[in-house]
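Student: I would like to learn how to read secondary structure, burial and cysteine pairing from a model, one feature at a time. Could you take me through them, giving the general idea before the case at hand?

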Amino acid sequence: MPHILVDRLVKTFRTVERNPGIRGALSSLVHRRHRTVSALDGISFSIQPGELVGYIGPNGAGKSTTVKVLSGILVPDSGRCEILGRVPWKERVSHVREIGVVFGQRTQLWWDLPVIESFDLLRDIYRVSQSGYIRTRDELIALLDLESLLDVPVRQLSLGQRMRCDLAAALLHSPPLLFLDEPTIGLDAVSKLGVRDFVKRLNVERGVTVILTTHDMDDIEALCTRVMVIGQGRILSDGTLKDLTDRVTRERRLTVDLVDGTETVSDPEAEVIRRDGHRIHLRFDPERVSAATLIGRIAARHPVRDLYVESPPIEEIIARMYEQEEL
């Protein structure tokens with residue numbers, strides 16, 4: 001049985017339109033014009049227990065709207081949505097006991113209270129037994145290295161420190177399902193790595209099902225075995241990163257480090273993208289020439305120190321998909 005089942009989900013919003021300037025503002029008071037925005041346009045998908053799914057798309061694509069519907073915050077216009085067998089907005093109390101939610105730009109901690117007191121309040125809200133709470137809390141404190149932050153008011157935490165505390169807060173009641181909406185936004189490199197490592201361990205060791213929305217493609221590459229791409233309220237792609245890459249382009253990249261930095265590399269079936277001193281970057285189509293054949297030809301003509309083959313960066317793949325879909 002899937003943890004999440006979404007079938008033809010639709011959500012629209014009405015926004016007020018007005019002309020610019022004072023005159024436009026005054027006229028809109030008398031004659032209001034509305035525009036309907038389709039945030040979700042009949043999306044369907046299912047997520048099995050233990051999956052770690054990346055949910056990506058441009059701004060305004062419908063990512064956060066989806067998470068809010070799945071969390072029970074928003075009610076859709078139509079369609080079916082079941083989370084762990086429940087309808088989120090109809091069974092909110094029992095539903096929120098089974099999910100954890102982290103919004104990167106918001107906190108569920110109390111701004112003026114020390115972190116540990118926020119944790120204690122959340123224990124009461126979720127009605128977690130004292131023994132279960134202490135066990136889970138102490139484990140999360142150790143995993144996320146929160147010991148030195150427990151007596152610090154939330155308003156005094158850095159963004160990275162607050163995000164680690166928010167992750168712990170979302171998991172104090174041991175939910176089997178976790179929604180992460182931009183959890184690494186604004187974090188420095190060290191904090192990002194810490195959050196990624198924790199999410200990966202949570203998924204692998206505890207089997208927690210995770211949906212991750214993010215604009216950081218490094219998060220997607222590091223964590224996700226499955227990626228869904230949404231645009232204009234529609235699911236554009238659903239599969240592995242390799243599936244996504246193969247759908248957009250067959251292109252591969254060959255990077256060659258030459259012994260002699262003055263030499264030039266050319267091949268009729270490869271294109272030089274750029275050169276950085278001794279290092280030359282080429283693109284090629286593996287259906288026209290295999291990587292082994294191309295490497296053999298180049299190595300036969302030039303002394304090579306090192307080389308490697310890879311797919312284009314995921315950022316480029318996503319950008320090309322957006323261009324193809326005119327997003």
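Student: What covers the buried residues of α9?

Tutor: Contact means heavy atoms within 4.5 Å, and by that criterion the cover of the buried residues of α9 includes α8 (217–223), β8 (226–231), β9 and α11 (314–325). Helices (H or I, at least four residues) and strands (E, at least two) are DSSP runs, numbered from the N terminus. This is a predicted model, in which local features need pLDDT of at least 70 and side-chain atom pairs count only at pLDDT 80 or more, while totals for chains, interfaces and linings use all residues. Residues are numbered from 1 along each chain as its sequence is written, and side-chain values use heavy atoms, with hydrogens and water left out.

Student: Which residues of helix α9 are buried, and where do they lie around the axis?

Tutor: A residue is buried under 20% relative accessible area, exposed over 50% and partly exposed in between, with a 1.4 Å probe and protein chains only. In α9 (residues 241–248) the buried residues are Leu241, Leu244, Thr245 and Val248. These residues cover an arc of only 95° around the axis, which puts them on the same side of α9; the arc is that of the directions from the helix axis to the C-beta atoms.

Student: In what order do the 6 strands of the open sheet follow one another?

Tutor: Two strands pair if DSSP finds at least two bridges between them, and here the order is β5-β6-β7-β3-β8-β9, with mixed pairing. Because β5 (99–103) and β9 (234–239) stand at the edges with a single partner strand each, one side of each is left without a neighbour in the sheet. The partner of β5 is β6 (residues 177–181), which runs parallel to β5 and is joined to it by 5 bridges; Val101 stands opposite Phe179 in β6.

Student: How is the open sheet of 4 strands ordered?

Tutor: Its order is β11-β12-β10-β13, and the pairing is antiparallel. The edge strands β11 (270–276) and β13 (304–310) each pair on one side only. Between β11 and β12 (residues 279–284), which run antiparallel, there are 6 bridges, and Glu271 has Arg283 in β12 as its bridge partner.

Student: How many disulfides are there?

Tutor: A disulfide is a covalent bond between the sulfur atoms of two cysteines. With the rule that a pair of cysteine sulfur atoms must lie within 2.5 Å, the count comes to 0 disulfides. The sulfur of Cys81 is 20 Å from the closest cysteine sulfur, in Cys224, which is too far for a bond. Cys81 is buried, with a relative accessible area of 3%, and Cys165 is buried at 0%.
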